[in-house]
Amino acid sequence: MNRPAPALIFAALGDATRLSLLVALRSGGTRSIARLAAATAMTRQAVTKHLQVLERVGLLHVERHGRETHYIYRPEALDGARAYLDAIGGRWDAVQAAVRPTVAD
């Protein structure tokens, strides 16, 4: 599977609802849409749409259990985004050091 561009992951995580759903799922195990929707004021359909966005960027794995769809958090999907942040973070430190005014003694 090709990893999505970090920008797609950042865009998916930029929505507060999706971020809160991902936080709820990170505790491990699988969660059904019904269980996730019960913890929010949203309909199952709204929760499903948000989960589909997270699935498309690879942050969730989907399993079918009978008539229910269960979602599982995939933390390894953040590796590419984390590496990107590390790369630009290191460059940012270098830029800041270069433009920081020197204090004269």
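**Note on side-chain contacts and the β2–β3 hairpin**

1. Arginine 82 has a relative accessibility of 43% and therefore counts as partly exposed, since that class lies between the limits of 20% and 50%. The model under review is a predicted one, and the remarks below should be read accordingly.

2. The partner of arginine 82 is aspartate 79: the two residues form a salt bridge in which the closest N and O atoms are 3.0 Å apart. Both belong to helix α5, and because they are three residues apart there, about one helical turn separates them. Aspartate 79 is itself partly exposed, its relative accessible area being 33%.

3. How many salt bridges does a search of the whole structure find? The search finds two. Besides the bridge between aspartate 79 and arginine 82, glutamate 76 forms a salt bridge with arginine 74, where the closest N and O atoms are 3.2 Å apart. With a relative accessible area of 38%, glutamate 76 is partly exposed; arginine 74, at 24%, is also placed in the partly exposed class.

4. The aromatic side chains contribute one pair under the centre-distance criterion of 6.5 Å. The rings concerned are those of phenylalanine 10 and tyrosine 84; their centres lie 6.3 Å apart and their planes meet at 50°, so the pair is classed as tilted. An angle under 30 degrees would have counted as stacked and one over 60 as edge-to-face.

5. Which parts of the chain does this aromatic pair link? Phenylalanine 10 sits in helix α1 (residues 6–13) and tyrosine 84 in helix α5 (residues 79–99), so that distant parts of the chain, 74 residues apart, are linked. Phenylalanine 10 has a relative accessibility of 32% and counts as partly exposed. Tyrosine 84, with 42%, likewise counts as partly exposed. Helix α5 thus holds tyrosine 84 of the aromatic pair as well as aspartate 79 and arginine 82 of a salt bridge.

6. The remaining point concerns the strands. Strand β2 (residues 60–65) pairs with strand β3 (residues 68–73) in the antiparallel sense, over six bridges. Within this pairing, threonine 69 in β3 has arginine 64 standing opposite. The two strands form a hairpin with two residues between them. In the turn, glycine 66 adopts a positive phi of about 65°. As a general matter, side chains in a regular strand alternate between the two faces of the sheet.

Notes
Residues numbered from 1 in each chain as written. Predicted model: local features only at pLDDT ≥ 70, side-chain atom pairs only at ≥ 80, totals over all residues. Heavy atoms only, no water. Phe/Tyr/Trp six-rings, centres within 6.5 Å; stacked < 30°, edge-to-face > 60°. Helix = DSSP H or I, 4+ residues; strand = E, 2+ residues; numbered from the N terminus. Buried < 20%, exposed > 50% of the residue type's maximum accessible area, 1.4 Å probe, protein only. Salt bridge = Lys/Arg side-chain N within 4 Å of Asp/Glu carboxyl O. Pairing = 2+ DSSP bridges.
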